Amino acid sequence: MVDSFNHWSFGHLRPFVKKVLSFGKGVLKGHCKFWIFQSFNGVIVVGSLLSFLLAMAYAYVILIPRFQPVMNNRYETPHFNSSVSECNYFDGNWIQDESYPLYDASQCPFAERGFNCLANGRRDRGYTKWRWKPKNCEIPRFNAREILEKMRGKRIVFVGDSLSRTQWESLICMLMTGVEDKRSVYEINGNKITKQIRFLGVRFSSFDLRIDFYRSIFLVQPGPAPRRAPKRVKSTLKIDKLDDIRNEWIDSDILLFNSGHWWTPSKLFEMGCYFLIGGSLKLGMPITTAFERALLTWASWINTTINANRTSVFFRTFESSHWSGRNHLSCKVTHQPSSRTGGRDRSPISDIIIKAVKAMAVPVTVLHVTPMGAFRSDAHVGTWSDNPSVPDCSHWCLPGVPDMWNEILLSNLLSKNH
């Protein structure tokens, strides 16, 4: 803008300057002989001409800034969330905040009993009083009513394992705090939340908003053991074929995936589950290689099926767990967040997700929650579930860490003016 104005200003001054210079040229030409004999007068003329030009230059320098347009601050220093790249939401630290938690799980009919730690006997509430603070920006304060208005008429779909269901429950409970008539929020088939049901859909009828959850723990198709397979093979994962409920995910405005906690030897090989590609059994294939191949299948489907002009796609990375002991069977829930990550801020699963997304044609936003969860050894369910005899250092209490995932998700969406 300044450059264009300078061009305009010089354009208007140019004819005047030309006249001054032509006048000076005429004076020099017409009086050349006279200056030879009248050097003193020549000095006066030249000095006058130079003084006039200097005066014009001084006036330009002084006056022109008054007419330069004032730059809008939002262009000089862009707001942190005007684009995703301007805020690294996942580089930060947890700070205490007495305004948390955002809701009471006991007042939310969609919060699983197993995740409501306070209702299950946990007495310390300190774990609910922490907020994630990125280093170079702020996550806007959650405003349920404002979000509901901006999400009016939308369909949000979560696809993944029980950690995805936890985030789904968290988002519903967060948004219900902005609804006056709680009866206007209901599961569309009248289903209660269970750990095995494949589909759950909650509708906010006053806002024509749907928030759905599809249970797809591997994202790819499970199947039976092929004929003549070794006896140790009880089932298979067809890592070159996406889950058969995939078409139900298409008609969505926000589509969020997760996977990882079931890609372990105890959930696969020890249960007799091996990998299959094109009908060929891959008995020696490592889990990380199989997961990478499964994500290629997922990425190909996203690239060829999802309309990026309508649907915003997200993939949440591996959620840090805090199992300890020789066989990772001990679960010690602390009273405060950990001061160190203990290596839990990195995960091969997360690295594979990030690599796969970078190679995609359709834009996918990675919610890299692995580092931020690494500090929260205090926020797991532990023995405060509906089955206290089985400790749990994988899932999170509600309210708790998954609420922060949703705050980042919503902040990300709003920053894109979605």
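A residue counts as buried when its relative accessible area is under 20%. By that cut-off W132 is buried in this predicted model, because its relative accessible area is just 1%. W94 makes the cut too, at 9%.

These two tryptophans belong together. A search of the whole structure turns up 14 aromatic pairs, and W94 and W132 make up one of them, with ring centres 5.3 Å apart. Their planes meet at 70 degrees, so the pair is edge-to-face. W94 sits in strand β1 (residues 92-96) and W132 in strand β2 (residues 130-134), so the contact ties together parts of the chain that are 38 residues apart in sequence. W94 has another partner of note: the charged end of R376 sits over its ring, 4.6 Å from the centre.

A second edge-to-face pair involves W298 and F315, whose ring centres are 5.0 Å apart and whose planes stand at 85 degrees. Here a helix is linked to a strand: W298 comes from helix α7 (residues 287-305) and F315 from strand β12 (residues 312-316), 17 residues apart. Both rings belong to buried residues, with W298 at 1% relative accessible area and F315 at 0%.

Elsewhere, aromatic residues gather in a group rather than in a simple pair. F218, W262, W263, F269, Y274, F275 and F291 form one aromatic cluster.

Finally, there is another arginine to mention alongside R376. The charged end of R122 sits over the ring of W384, 4.8 Å from the ring centre.

Conventions
Residues numbered from 1 in each chain as written. Predicted model: local features only at pLDDT ≥ 70, side-chain atom pairs only at ≥ 80, totals over all residues. Heavy atoms only, no water. Phe/Tyr/Trp six-rings, centres within 6.5 Å; stacked < 30°, edge-to-face > 60°. Helix = DSSP H or I, 4+ residues; strand = E, 2+ residues; numbered from the N terminus. Buried < 20%, exposed > 50% of the residue type's maximum accessible area, 1.4 Å probe, protein only. Lys NZ or Arg CZ within 6 Å of the ring centre and 35° of its normal.
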